[in-house]
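Colleague: Could you take me through this model step by step, and define each term as we meet it?

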Amino acid sequence: MMTSPINTHFISEPYSMNSLSKTLALLAILILSSCVDPQSTTRDEGNDPQDKTYVIKNVNIIPMTNANDVIENANVLIKDNFIYSINDSIPSNALTIDGTGKWLIPGLIDMHVHTNADLNFRANKPTQGATFFMNTQHVMTPHVANGVTTIFELSARVEHFGQRNEIAKGEVVGPRMALARLINGGDGSGSVNTEADARQAVRSAKNEGYNFIKVYSHLSIESYQAAIDEAQKHGLKVVGHIPDVFKGQTENAFILHFGLVAHAEELSKQIRNQPKTAKDAENFARMAKENDTWLIPNLIAIVKIRDQVKSLDSIRSMESLKYVHPLLRDKWLNSNNYNKHSSSEFLGYLDSLIAFHQEIVVAFKEAGVPMVSGTDAGVSGVVTGFALHDELQLLAEAGLTNEEVLISATRHPAEWLGIAEMVGTVEEGKFADLVLLDANPLDEISNTRRISGVFVNGTWLDKQKIDALLKDLADWNTENIDTYEWQKRRMY
Ligand SMILES: [Zn+2]
């Protein structure tokens, strides 16, 4: 019942969808993640972090609570993997981190990622495991280096559970992982085309340990409704695409328990072949508001796609390209289907999407629909971890205040995922997922990039450690740059 986790961007549909969806499917297969475990064990590169107590001294806290009153010159005690106290007594054995002139925010949450993981590029044999392997630390380093301490994997498979366990065991420093099982219709393997199959797919996902369901573009109306209804019965929240069959009747896709739209483009593709106006954006916002459906705007993916349709120099010149696995790098540069289908018509379409998605952000803000930040990391040009800061910038440019942007990457996603008791704000008793910044992101949102250090579930990564992790990844990628070719992937 495995559906291929095709990360189709509707925009590609008129442009050779088949080959694109195939390559994207493989790309997405390279991806994985898993669930959020409130009992997540402590981890500190083999040391027991319970031995370590830290105090961040004289730091300005941006708590991201509802009131969000900045606490200036505070002392934050981190003990075990928790925020133990704020402005209380400091034990003499606490390791001091100087927070003078710095700003402390909750760890960031990327609500739409595709995570590389081990996979089998070849045909299955009864005893055949994966044939292509990923170093999980390398996969997770770009997240934690960028202050991303929780991710939502939207094409999860069993390997993502394995990665989550590696993190829980302390073998890998990585984010908390929420895992969504993708359910799709159509004629792919494991596709779901009846109400009964849709319900069974959800029950199977529940039994396999998933906490979230992702509905996808090719579901029929009956399968879509059944999947969401069954998910509700089993306490699984639903994120996803709006299936193509709802074109012309988008309102009917907004049914109870459809909790989160995976991209703004799910809305724009519903009106693909017509002019898109602010009125349309308001209409979508009203539907979402009435149904309590939240939105991942995901602005960066279309911007990156537009840039590479224009020129692959946009990829070549990315500073973060050195953190991309050589296989994907080769695909992005030498088998780039977006660029292959470059035309002024395509560019015009992408530009119209970019403009309309900004209007969607404005309309959803006006309507009071919560938005959560997500990147679609893994898509060509969208680099894990780094892209979240681009997304935050785009949300600010679209019209959110810097505080609203930060809410979309901290408190709101924690609430949607059901982990707000544990993460999403800087408060006593919460897990120590924290980002220490050199400058105030409320003044200028790009200050989220000025990372001085990160606490990942109580493990402290100072700048030096972050740089070392990144260097290790970049060195490995450089050493192996000629080892992988996308066109030869079936041989791996
Ligand atoms: Zn995606």
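Modeller: The protein has 16 helices and 15 strands, where helices (H or I, at least four residues) and strands (E, at least two) are DSSP runs numbered from the N terminus. This is a predicted model, in which local features need pLDDT of at least 70, side-chain atom pairs count only at pLDDT 80 or more, and totals for chains, interfaces and linings use all residues. Residues are numbered from 1 along each chain as its sequence is written.

Colleague: What percentage of the 492 residues is buried?

Modeller: A residue is buried if 20 or more other C-beta atoms, placed from the backbone, lie within 10 Å of its own, exposed if 12 or fewer, and partly exposed in between. Taken over the 492 residues of the protein, the buried share is 52%.

Colleague: Why is helix α8 described as largely enclosed by the rest of the structure?

Modeller: The buried residues of α8 include the charged-letter positions K304 and R306 as well as I300 and V309. Its cover includes α6, α9, α11, α12 and α13. Helix α8 spans residues 300–310, and it is largely enclosed because, of its eleven residues, the number buried is nine.Colleague: Which helix gives the largest share of the largest nonpolar core?

Modeller: A nonpolar core is a set of buried Ala, Val, Leu, Ile, Met, Phe, Trp, Tyr and Cys residues joined through C-beta atoms within 7 Å. The largest one holds 135 residues, of which L104, A180, I213 and A227 touch the most other members. Its largest share, seven residues, comes from residues 386–398, which form helix α13.

Colleague: Which residue follows α13 with a positive phi?

Modeller: Helix α13 is mostly covered, with ten of its 13 residues buried. Just after α13 comes a residue whose phi is positive, near 135°, and that residue is G399.

Key:
Contact = placed C-beta atoms within 7 Å.
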